[in-house]
Amino acid sequence: MPTERFGPDHFQLVLLRRMADHNPGLVEDALRELGATRTELREAHKRWQARLHARTYPGGEARYRAALGPPEAVRERRVGDMALRAALWPLPLWPRLRFEVVTTPRGSTGVILNEWLVRAPGAEPPRLASIDDLTAWSCTVDDAARAFPPATPLPPDAPSRARLSLTDPGTGHRVLAHFTWGLLQYVERLPH
């Protein structure tokens with residue numbers, strides 16, 4: 001993998017770096033698919049972090065345009081009276097998903113409100129009939145929330161992570177679904 005330019009393959013390694021904490025086997029498979037090594041994964045993460053902390057590196061959506069090129073699509077999202085901008089990029093590792101960056105209305109210079117993987121427009125969501133269907137990398141936050149209402153978002157336990165409290169339709173018990181970059185990593189069954 002070339003190291004001079006930071007592109008989509010490097011960015012996928014950044015996402016994988018955070019996922020390796022919970023699913024090292026899936027990450028190893030993804031590294032093989034990308035033809036990358038653990039050393040390249042660590043180097044991509046290090047380079048991304050250096051860019052994020054550099055005063056000259058662009059902020060907002062422009063940060064992702066610099067790494068991923070122009071977005072595949074841009075959609076307007078409304079939250080109450082506020083119009084937000086959602087830019088979507090394809091990533092080869094997850095062809096049925098898109099990396100979404102939601103910013104305040106100023107677009108490329110707007111403040112980032114959320115950044116994670118979402119279901120690609122037109123892609124069928126996975127069939128999630130029971131909590132047992134919630135396996136690592138099987139769904140996004142939105143997929144799980146739609147399949148198991150009422151879903152309750154909880155404060156993230158770390159940057160790039162999300163958590164949802166869900167009800168098992170078979171037992172009525174609550175479970176906690178843990179996501180990294182919007183992709184399910186594991187489900188924790190809560191005490192009754």
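The exercises below, each with a worked solution, concern a predicted model.

**Exercise 1. Describe the largest pocket: its volume, its lining and the elements that contribute to that lining.**

Step 1. Start with the volume: the largest pocket holds about 500 Å³ of space.

Step 2. Turn to the lining, which is made of 26 residues. Nearest the centre of this pocket lie E115, P159, S160, R161 and W181.

Step 3. Assign the lining to elements. Two or more residues each come from α1 (8-19), α3 (38-53), α4 (60-68), β4 (112-119), β5 (152-154) and β6 (161-167). Strand β4 gives the largest share, five residues.

Step 4. Sort the lining residues by class: 16 are nonpolar, five are polar and five are charged.

**Exercise 2. Describe the second largest pocket in the same way, and list the residues that line it.**

Step 1. The second largest pocket has about 150 Å³ of space.

Step 2. Its lining consists of R77, R78, V79, L84, E100, V102, L113, N114, W116 and D142.

Step 3. The elements that supply two or more of these residues are β1 (73-79), β3 (97-103) and β4.

Step 4. By class, the lining of the second largest pocket splits into five nonpolar residues, one polar residue and four charged residues.

**Exercise 3. Follow the aromatic pairs that involve Y64, and decide whether the residues concerned are buried or exposed.**

Step 1. The structure contains ten aromatic pairs. One of them joins W48 and Y64, with 5.6 Å centre to centre and 45° between the planes, a tilted arrangement.

Step 2. Place the two residues in the chain. W48 belongs to helix α3 and Y64 to helix α4, and the pair links distant parts of the chain, 16 residues apart.

Step 3. Apply the burial cut-off, under 20% relative accessible area. W48 has 2% relative accessibility and therefore counts as buried. Y64 has 1%, so Y64 is buried as well.

Step 4. Take the pair of Y64 with F99. This pair is also tilted, at 5.5 Å centre to centre and 40° between the planes. Because Y64 lies in helix α4 and F99 in strand β3, the pair ties together parts that are 35 residues apart in sequence. F99 has 0% relative accessibility and so counts as buried.

Step 5. Extend the picture to the cluster. Ring pairs connect F6, F11, W48, Y57, Y64, W89, F99 and W181.

**Exercise 4. State how the chain is divided into domains, and describe how domain 1 and domain 2 are placed relative to each other.**

Step 1. The division gives domain 1 (1-57), domain 2 (59-120) and domain 3 (131-189).

Step 2. Taken over C-alpha atoms, the centres of domain 1 and domain 2 are separated by 19 Å.

Step 3. Count the contacts across this boundary: 15 residues of domain 1 are in contact with twelve residues of domain 2.

**Exercise 5. Characterise the surroundings of R174.**

Step 1. Locate the residue: R174 is in strand β7 (residues 174-180).

Step 2. Classify its exposure. The partly exposed class lies between 20% and 50% relative accessible area. R174 has 28% relative accessibility, so R174 counts as partly exposed.

Step 3. List its contacts, leaving aside neighbours within four places in sequence. These contacts are P150, T152, S165, L166, T167, R189 and L190.

Step 4. Compare separation in sequence with separation in space for R174 and I131. The two are 43 residues apart in sequence, and their C-alpha atoms are 9.9 Å apart.

Methods. Residues are numbered from 1 along each chain as its sequence is written. This is a predicted model: local features need pLDDT of at least 70, side-chain atom pairs count only at pLDDT 80 or more; totals for chains, interfaces and linings use all residues. Side-chain values use heavy atoms; hydrogens and water are left out. On a 1 Å grid over the protein atoms alone, a cavity is a set of points where a 1.4 Å probe fits but cannot get out, and a pocket is an open set with protein on both sides within 12 Å along at least five of seven lines; lining residues have an atom within 4 Å of a point. Grid points are joined across faces, edges and corners, and a volume is the space filled by probe spheres set on the points. Helices (H or I, at least four residues) and strands (E, at least two) are DSSP runs, numbered from the N terminus. Ala, Val, Leu, Ile, Met, Phe, Trp, Tyr, Cys and Pro count as nonpolar, Asp, Glu, Lys and Arg as charged, and the others, Gly among them, as polar. Rings of Phe, Tyr and Trp (its six-membered ring) pair if their centres lie within 6.5 Å; planes under 30 degrees apart count as stacked, over 60 as edge-to-face and the rest as tilted. Buried means under 20% relative accessible area, exposed over 50%, partly exposed in between (1.4 Å probe, protein chains only). Domain bounds come from an automatic or database domain assignment. Contact means heavy atoms within 4.5 Å.
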